[in-house]
Amino acid sequence: MSSQWIAQRAKCFDASGIRRVFDLGAKLTDPINLSIGQPDFDVAPEVRQAAIDAIQSGKNGYALTQGIPALREKLQAQVDRDYSHPDRQVFITSGTSGALLLAMLVLIDPGDEVIVFDPYFVMYDALAGVAGAKVVYVDTYPDFRIDPRRVAEAVTPRTKMILLNSPANPTGTVAEADDLRAVAELAAERGIVLLSDEIYREFCYDGQFVSPALFNPQTLVIDGFSKSAGMPGWRVGFAHGPAEVIREMTKLQQYSFVCAPHPFQWAATTALDVDMSPQRDAYRHKRDLIVEGLSDLYELTTPGGAFYAFPKAPWGTGSQFVEEAITKHQLLIIPGSVFSRRDTHFRISYAAPDATLERGIDILRLMAK
Ligand code: PMP
């Protein structure tokens with residue numbers, strides 16, 4: 001009976017792929033877990049203290065919908081310094097996911113087309129679908145590079161949004177500045193919303209982070225503290241973009257999330273002053289371990305950022321390979337089909353202790369032979 005109650009929009013995504021991995025993993029006693037998309041470092045001590053102080057000093061009521069002034073003003077100053085766009089406004093969201101959902105609901109009408117690069121972060125096609133969009137996938141295999149010509153070919157009169165994510169989940173690819181510029185300029189010329197998910201901005205290993213907002217002042221950016229400050233459970237993110245879009249997103253936040261968690265906004269304010277370069281250096285080293293450990297046996301594009309690698313399965317489909325890794329070797333990884341229309345690759349998260357990575361590499365070497 002209740003299945004008749006479920007709205008069409010709830011049917012436009014399917015979380016069964018990732019659930020299957022977690023179900024298989026739950027049966028293991030000592031898994032080697034390279035499946036988790038969150039940092040393995042803890043929140044910095046001063047940031048934890050700031051959260052405790054905020055709670056102890058009674059900052060437990062609703063915050064302003066647009067975010068506490070201390071955090072918003074600090075981020076606004078940073079954004080003004082980086083972009084000097086007179087119309088660019090910041091507001092605080094319930095995680096980057098919250099910003100993504102608000103952006104979709106405020107910008108997408110049913111039937112609009114949203115361009116997503118395949119492989120993609122799981123929420124992109126799901127939430128675009130919830131908003132009623134038709135998702136247009138631009139394939140980026142085998143090197144996961146964004147090809148501006150293919151983007152131009154995918155644009156139609158119905159294209160409303162291009163969703164960019166660099167550094168990317170699940171591939172770890174950092175887009176080339178020239179490609180970002182070309183896509184940003186195309187979006188500007190054609191009046192298409194450019195939505196840039198910059199949650200892995202702090203995790204660039206071979207050069208400076210480049211935002212497409214540098215090339216298109218109308219770019220809507222979503223970002224957050226989950227990865228950069230290692231606080232995914234505290235649900236603090238932010239968005240910045242054209243003032244009118246930010247105003248509409250804030251209005252919808254008022255009627256949905258209400259505000260981002262108040263005490264953790266104080267913690268995020270402190271987190272902005274913490275030097276995360278030791279964590280970045282440690283993750284660069286983990287990236288190198290994976291690349292050096294697997295490149296001779298796997299087809300693997302060297303990831304320049306985030307904390308993921310996306311090798312091709314050496315035999316079978318991505319799903320078959322992952323099933324064997326989990327059931328025979330206790331190695332938890334995610335099949336590429338969770339993030340893609342193809343089932344050929346798998347995702348490794350190297351946000352794990354070096355010893356765990358080394359065990360994982362040994363197993364993957366064994367499985368490739
Ligand atoms: N975007 C990408 C690309 C991500 O990988 C994630 C988290 N896995 C998010 C957004 C959502 O992050 P948050 O915890 O800030 O909602």
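Biologist: In this predicted model, which pocket does the ligand sit in, and what makes "sits in" the right phrase?

Modeller: The ligand sits in the second largest pocket. The phrase applies because more than half of the ligand's atoms lie within 2 Å of the grid points of that pocket.

Biologist: Why is the approach of Asp197 to the ligand called a polar contact?

Modeller: A polar side-chain atom of Asp197 lies 2.5 Å from a nitrogen atom of the ligand. The limit for a pair of N or O atoms is 3.5 Å, so this pair counts as a polar contact.

Biologist: What makes Asn169 and Tyr200 polar contacts of the ligand?

Modeller: An N or O atom in the side chain of Asn169 is 2.8 Å from an oxygen atom of the ligand. For the side chain of Tyr200, the distance from such an atom to a ligand oxygen is 2.7 Å. Both pairs are within 3.5 Å, and therefore both qualify. The protein covers 91% of the 400 Å² of accessible area that the ligand has on its own.

Biologist: Which element gives the largest share of the shell around the ligand?

Modeller: Helix 4 (residues 95–107) does, with three residues. By class, the shell has four nonpolar, six polar and three charged residues.

Biologist: Why is the space lined by Phe117 and Ile146, among others, called a cavity and not a pocket?

Modeller: It is called a cavity because a 1.4 Å probe fits there but cannot get out, whereas a pocket is open. This largest cavity holds about 180 Å³ of space. Its lining has eleven nonpolar, six polar and no charged residues, and strand 5 (residues 159–165) gives the most, three residues.

Key. Residues are numbered from 1 along each chain as its sequence is written. This is a predicted model: local features need pLDDT of at least 70, side-chain atom pairs count only at pLDDT 80 or more; totals for chains, interfaces and linings use all residues. Side-chain values use heavy atoms; hydrogens and water are left out. A polar contact is a pair of N or O atoms within 3.5 Å; within protein, one must be able to donate a hydrogen and the other to accept it, and residues adjacent in sequence count only if both atoms are side-chain atoms. Accessible areas come from the Shrake-Rupley method with a 1.4 Å probe; for residues, only the protein chains shown count as cover. On a 1 Å grid over the protein atoms alone, a cavity is a set of points where a 1.4 Å probe fits but cannot get out, and a pocket is an open set with protein on both sides within 12 Å along at least five of seven lines; lining residues have an atom within 4 Å of a point. Helices (H or I, at least four residues) and strands (E, at least two) are DSSP runs, numbered from the N terminus. Ala, Val, Leu, Ile, Met, Phe, Trp, Tyr, Cys and Pro count as nonpolar, Asp, Glu, Lys and Arg as charged, and the others, Gly among them, as polar. Grid points are joined across faces, edges and corners, and a volume is the space filled by probe spheres set on the points.
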